[in-house]
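Biologist: Could you take me on a close look at a single part of this model, the place where its helices meet? I would enjoy one connected account, with the residues placed in it as you go.

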Amino acid sequence: MATGETGFSDVAYDLISVQYHALKAGHDYGQYVRDAENAGHQEIAEFFRKVMAEDSERAAECHRYLTELSKADDAGPAAR
């Protein structure tokens, strides 16, 4: 399994990247919800809540996979 320059396997790096972006987006979506609510667009606010929940689930799923990789010693030498 390739580890590139990070010391993590490509798969672990990819999961970390997806997790980071999902968490970052989830943080930003809170502002989007407030913006929509302040503008009186409850349906749009609900859409942003749904997107935020989906990213939260995505980040949690990445976490589960990363935990599995680290137990299987497949995450690369930096994960040890």
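Modeller: Gladly! Helix 1 and helix 2 are roughly antiparallel to each other, because their axes cross at roughly 160° and any angle over 145 degrees counts that way. This is a predicted model, so please read everything here in that light.

Let me fill in the pair. Helix 1 covers residues 10-38 and helix 2 covers residues 42-72, and their axes come within 8 Å. The crossing of the two is left-handed. Sorted by class, the contact of helix 1 with helix 2 has 22 nonpolar residues, along with five polar and four charged ones. These helices are also the whole count of secondary structure in the protein chain, which comes to two helices and zero strands.

Now for some residues, starting on helix 1 with Gln19. Is Gln19 buried or exposed? Its relative accessibility is 16%, and since buried means under 20%, Gln19 counts as buried. Leaving aside residues up to four places away in sequence, Gln19 touches Ala59, Cys62, His63 and Leu66.

Ala59 comes up again with Lys24, another residue of helix 1. Lys24 and Ala59 are 35 residues apart along the chain, and their C-alpha atoms are separated by 9.9 Å. With 39% relative accessibility, Lys24 counts as partly exposed.

Further along helix 1 you will find Tyr32. Tyr32 is partly exposed too, at 34% relative accessibility. Tyr32 and Phe48 are 16 residues apart in sequence, while in space they are 6.7 Å apart, C-alpha to C-alpha.

For a view from the other helix, try Phe47, which is found in helix 2. Phe47 has a relative accessible area of 45%; partly exposed covers the range between 20% and 50%, so Phe47 falls in that class. Measuring is not the word for a computed model, but the computed C-alpha to C-alpha distance from Phe47 to Ala36 is 9.7 Å, for two residues eleven apart in sequence.

To close, here is the chain as a whole. Take the contacts between residues at least 6 apart in sequence: 60% of them join residues at least 24 apart. Buried residues, Gln19 among them, make up 28% of the 80 residues in the protein chain. As for surface, the protein chain exposes about 5,600 Å², and carbon and sulfur atoms supply 54% of that area.

Methods:
Residues are numbered from 1 along each chain as its sequence is written. This is a predicted model: local features need pLDDT of at least 70, side-chain atom pairs count only at pLDDT 80 or more; totals for chains, interfaces and linings use all residues. Side-chain values use heavy atoms; hydrogens and water are left out. Axes are lines fitted to C-alpha atoms, for helices over the stretch in contact, and angles run from 0 to 180 degrees between N-to-C directions. Helices (H or I, at least four residues) and strands (E, at least two) are DSSP runs, numbered from the N terminus. Angles under 35 degrees count as roughly parallel, over 145 as roughly antiparallel, 65 to 115 as roughly perpendicular and the rest as oblique. A crossing is left-handed if the near helix is turned anticlockwise from the far one by less than a right angle, and right-handed if clockwise. Ala, Val, Leu, Ile, Met, Phe, Trp, Tyr, Cys and Pro count as nonpolar, Asp, Glu, Lys and Arg as charged, and the others, Gly among them, as polar. Buried means under 20% relative accessible area, exposed over 50%, partly exposed in between (1.4 Å probe, protein chains only). Contact means heavy atoms within 4.5 Å. Accessible areas come from the Shrake-Rupley method with a 1.4 Å probe; for residues, only the protein chains shown count as cover.
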